[in-house]
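This report introduces a protein model to a reader who meets it for the first time. The sequence and the structure come first, and the description follows.

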Amino acid sequence: MAATMELRCWGGDWGLPSVHTESLIVLAYAKFSGATITVTPIDWTWKTLTGTVPELVYQGSTITEPAQILNFLRKQRFNADYELSARQGADTMAYIALLEEKLRPALLHTFWVDAENYANLTRPWFASRSPFPLNFLVPGRHANTALSRILLTKGESPLHTITEVEGKIYNEAKECLNLLSHRLGMAYYFFGNTPCSLDAFVFGFVAPLHKASLPSSPLQSHLRQLDNLQRFCDHILNAHFSSHPGSPQPVQEMVDANLQKLTQLVNKESNLIEKMDDNLRSSPQHKPLRADPRPSNDKSSTPA
């Protein structure tokens, strides 16, 4: 493709290329399918309030929503699902629907409704990535949207308040994680040896829960018991996103890099000191001129 595809999305942190579930899905699928895209974070721009992310821009056209973006990439011959059988394709659609129905409400609650997580992690992060004065508006707007979506999808009678709904959504989310863990087994990917769109969706949903430092999360505690799902996220990060800005360097690499910088600085200072010393040695030495503190005995200079 001659023209460049641009993906606008939330930026990365916590060791992830993006902290945003939908953005992660598209980023992962682009890696799996071999699509070349230019990633433009919306952080610190007015799009944090007005933009709909992820947003793919190509030849004047704008596509939003992960499902629509993935369909567009397939039409451009970037298809990560071309090896799937009809049965596997049907299973993919079923599991994606399961993620949307069972796991998404609990994730929204974990990051945006839970008071401790919102106050200590989610709100500070999104506020710090939004320009003034949007840093006062963006987190609250996302929190209100998340709460409304949870109550709209899970607040049927007799459950009408978020407190009543909370237990239900977490139980369903844990069951969803258990099903995904059972389906994945010991494999790296859900179908065969290559990742597909289902892997992109599961990664987008599970990776933030896996990597975020949440002060309070029973769902994250449950994920900690599912080693294969954690390994699944880590494998995708290492295999496909090892050089993204949000990924931390290994500790030894950071130590070596800092040591190298320190050594270069010391050598530079040593060379500078040596040059200064050589210049001093090679410059002519003159006796310093000092004023004679003794009074002059020359009478001719004394007024009569």
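Which residue in strand 2 does Glu6 stand opposite? Glu6 stands opposite Thr38. The model in which this pairing appears is a predicted one.

**Overall composition**

The protein contains eleven helices and four strands. Of its 304 residues, 41% count as buried. The area it exposes is about 17,700 Å², of which carbon and sulfur atoms supply 54%. When contacts between residues at least 6 apart in sequence are considered, 73% of them join residues at least 24 apart.

**The strands**

Strand 1 covers residues 5-9 and has two faces: Met5, Leu7 and Cys9 form the covered one, while Glu6 and Arg8 form the uncovered one. Strand 1 pairs with two other strands. With strand 2 (residues 37-41) the pairing is parallel and runs over five bridges. With strand 3 (residues 55-58) the pairing is antiparallel and runs over three bridges; here Arg8 has Glu55 as its bridge partner. Helix 1 (residues 21-33) joins strand 1 and strand 2 in a right-handed β-α-β unit.

Strand 3 also pairs with strand 4 (residues 61-64), in the antiparallel sense and over four bridges. Within this pairing, Val57 stands opposite Thr62. The two strands form a hairpin with two residues between them.

**Backbone particulars**

Most residues other than glycine have a negative phi, and most peptide bonds are trans. Four places in this model depart from that pattern, and the table lists them with their angles.

| Place | Feature | Angle |
|---|---|---|
| Val53 to Pro54 | cis peptide bond | omega near 0° |
| Phe132 to Pro133 | cis peptide bond | omega about 5° |
| Gln59 | positive phi | phi near 50° |
| Glu65 | positive phi | phi near 75° |

Pro54 is found in the loop between helix 2 (47-50) and strand 3. Pro133 lies in the loop between helix 5 (115-128) and helix 6 (138-154). Gln59 belongs to the loop between strand 3 and strand 4, and it counts as exposed because its relative accessibility is 59%. Glu65 is placed in the loop between strand 4 and helix 3 (66-75); with a relative accessible area of 46%, Glu65 is partly exposed.

**The nonpolar core**

The largest nonpolar core has 79 residues, and Leu73, Leu103, Phe203 and Leu219 have the most contacts inside it. Helix 4 (residues 86-113) contributes the largest share of this core, ten residues. Beyond its neighbours within four places in sequence, Leu219 is in contact with several residues, among them Leu103, Ala106, Tyr170, Leu177 and Leu209.

**Aromatic rings**

Eleven aromatic pairs are found in the whole structure. One of them, formed by Phe203 and Phe241, is stacked, with 6.0 Å from centre to centre and 5° between the planes. This pair links distant parts of the chain, 38 residues apart: Phe203 is in helix 8 (residues 197-211), and Phe241 is in the loop between helix 10 (227-240) and helix 11 (251-282).

Are the two rings' residues, Phe203 and Phe241, buried or exposed? Phe203 has 0% relative accessibility and therefore counts as buried. Phe241 has 4% relative accessibility, so it counts as buried. The cut-off for a buried residue is under 20% relative accessible area.

Elsewhere, ring pairs link Trp10, Trp14, Phe111, Trp112, Tyr118, Trp125 and Phe126 into a cluster.

Terms used. Residues are numbered from 1 along each chain as its sequence is written. This is a predicted model: local features need pLDDT of at least 70, side-chain atom pairs count only at pLDDT 80 or more; totals for chains, interfaces and linings use all residues. Side-chain values use heavy atoms; hydrogens and water are left out. Buried means under 20% relative accessible area, exposed over 50%, partly exposed in between (1.4 Å probe, protein chains only). Two strands pair if DSSP finds at least two bridges between them. A crossover is right-handed if, with the strands pointing away from the viewer, the path from the first strand over the helix to the second runs clockwise. A nonpolar core is a set of buried Ala, Val, Leu, Ile, Met, Phe, Trp, Tyr and Cys residues joined through side-chain atoms within 4.5 Å. Contact means heavy atoms within 4.5 Å. Accessible areas come from the Shrake-Rupley method with a 1.4 Å probe; for residues, only the protein chains shown count as cover. Rings of Phe, Tyr and Trp (its six-membered ring) pair if their centres lie within 6.5 Å; planes under 30 degrees apart count as stacked, over 60 as edge-to-face and the rest as tilted.
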